[in-house]
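Hi everyone, thanks for coming. I'd like to walk you through one model today, so let's put it up on the screen.

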There are 2 protein chains.
Amino acid sequence: MLKYSKQTRLLLAVDCIIFGFDGEVLKILLIKRGFQPEKGNWSLMGGFVQPEESLDQSANRILKQLTGLEGVYLEQLYTFGQPQRDPIERTVSVSYFALIDIHKYEAQISDDYQAEWFQLKRAPKLIFDQQEMVEQARKRIRYKAAMHPILFELLPTKFTIPQLQTLYECVFNTTIDKRNFSKRVLATGLLIKLADKDKAGSKRGAYYYQLNMQNYYAKFQAFMNFIPNPDTL
Amino acid sequence: MLKYSKQTRLLLAVDCIIFGFDGEVLKILLIKRGFQPEKGNWSLMGGFVQPEESLDQSANRILKQLTGLEGVYLEQLYTFGQPQRDPIERTVSVSYFALIDIHKYEAQISDDYQAEWFQLKRAPKLIFDQQEMVEQARKRIRYKAAMHPILFELLPTKFTIPQLQTLYECVFNTTIDKRNFSKRVLATGLLIKLADKDKAGSKRGAYYYQLNMQNYYAKFQAFMNFIPNPDTL
DNA sequence: ATTATTTATTGTAAAAAATACAATTAATTT
DNA sequence: AAATTAATTGTATTTTTTACAATAAATAAT
């Protein structure tokens, strides 16, 4: 027996929801679609799964094509398979979301795709069901970030506690008490205080911290309350 | 433009990990595979996604084929796409897990697939990468059940608190203090105490409860600590 | 009929975690 | 030298979680 004859084959795509943080707001990276249908319209970066490639490999390839980056945080989100989601031909899409340090990307920028960062709240209409993909990704990040330290993936290696707090406040669209936030974060044992300060944001300057990677990997799966009163996320 | 020419199409399957609870242990429902390859070996219930069908529809159809049940708890788990996972031909599989009341299934049993319930811990070797699917499903259930009331889906409409506790202890492979468990569960406001008792398990008999469906739906997404000290799940 | 047995049910005190809340410090700017 | 700005730090209160055991309700045994 060589094939499952009589069964219908279909196209499989991977779409990446790429998140970045500029210090103020959460952003997503979109491209202008280069082929029909919807050519020239804003879209997620995606591509078809190739014959010899796993889904993770496909997602990593697509992410690298656009950003030049490897080894970034990339997680399978959900698989979308409504029969009519692509008007040309049935295409099932496995979505992934990526969390990257926005500054690393800017260093690597390639103009092949006319990519642009958009504020999550002000992003243009997307093609097909990609709006729904972004919305699910947003939910997943909130959900996961409430208990696992994924948001560090959006920051540079060196960051300050006020920067970290801004990120959390932005993702959860809330305000957090400075004293309690600091206590909570330091209590995780995930941070190493550095000797130098970031003087950009204030006169006094805020101490830089970096991740204790040992503890980060060891405790990643443990539940931590990063957000006060996590209710519905 | 009619098609994405030049792209490779492939087979898309759905596999269902079906969980049940017999009052003692967690079980999964397996079938004897009816066609080559691996014909006659234990397998998850699955099938190919049909041209006009969404993924959810496909999963529901497959679940109904085997169990006769509709409207059960069914959630997309993960999509598996290693190129060589099926030796015959590349097939990507979207896995779903289902939580059903094992007694409902037994009423509906059909012998078409030579299905059998196996204790999760004593299940036979499965074909392809289905072992990994089951393992991921187990993890997902633990994770989700620690904060959301999904385990009620495994119980009959009327159940007792000791039964519920046994289920939690079984899923989390732990023991929980009776007083604290009862307090915790009743504090959710999800339970309605009934007038009659289950006399099967004890001389005194335990009061039956049922879900307050209103509150169940309203609070499903809220975070609740069902398990003391959820650490790594 | 009484006693023994078995499981269901319930409460409280102690410990831990989360919350609310503001003064001080370190630098730069005026 | 004073004013300004944001960073840093502590404590009292409340809430939640945990640890822990006696009593109640029914049946079974004598």
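Let me begin inside chain B: the buried residues of α3(B) pack against β1 (11-21), β2 (26-32), β3 (42-43), β5 (73-80), β6 (91-99) and α4 of that chain. Contact here means that two C-beta atoms, placed from the backbone, lie within 7 Å. Helices (H or I, at least four residues) and strands (E, at least two) are DSSP runs, numbered from the N terminus.

A word on where this comes from: it is a predicted model, where local features need pLDDT of at least 70 and side-chain atom pairs count only at pLDDT 80 or more, while totals for chains, interfaces and linings use all residues. Residues are numbered from 1 along each chain as its sequence is written, and chains are lettered from A and ligands numbered from 1 in the order in which they are written.

Back to that helix. Which residues of α3(B) are buried? They are B:Gln130, B:Met133, B:Val134, B:Ala137, B:Ile141 and B:Ala145, where buried means 20 or more other C-beta atoms within 10 Å of a residue's own, all placed from the backbone. Looking down the axis of α3(B), these buried residues fall within an arc of 95°, so they line one face of the helix; the arc is taken from the directions from the helix axis to the C-beta atoms.

Now to the two chains together. Chain A gives 34 residues to the contact, and chain B gives 34 residues. On the chain A side, β1 (11-21), β5 (73-80) and β6 (91-99) each supply at least two residues, with β5(A) giving the largest share, three residues. That side of chain A divides into 17 nonpolar, 10 polar and seven charged residues. Nonpolar covers Ala, Val, Leu, Ile, Met, Phe, Trp, Tyr, Cys and Pro; charged covers Asp, Glu, Lys and Arg; the others, Gly among them, are polar.

And the DNA? Around strand C there are 23 residues, and A:Lys203, A:Pro228, B:Pro162, B:Arg179 and B:Ser202 come nearest; near means a C-beta atom, placed from the backbone, within 6 Å. Here α5(B) gives the most, four residues, and the surface divides into five nonpolar, nine polar and nine charged residues.

Turning to DNA strand D, 23 residues surround it, with A:Pro162, A:Arg179, A:Ser202, B:Lys203 and B:Pro228 coming nearest. For this strand α5(A) gives the most, with four residues.

Terms used:
Buried ≥ 20, exposed ≤ 12 C-beta atoms within 10 Å, placed from the backbone.
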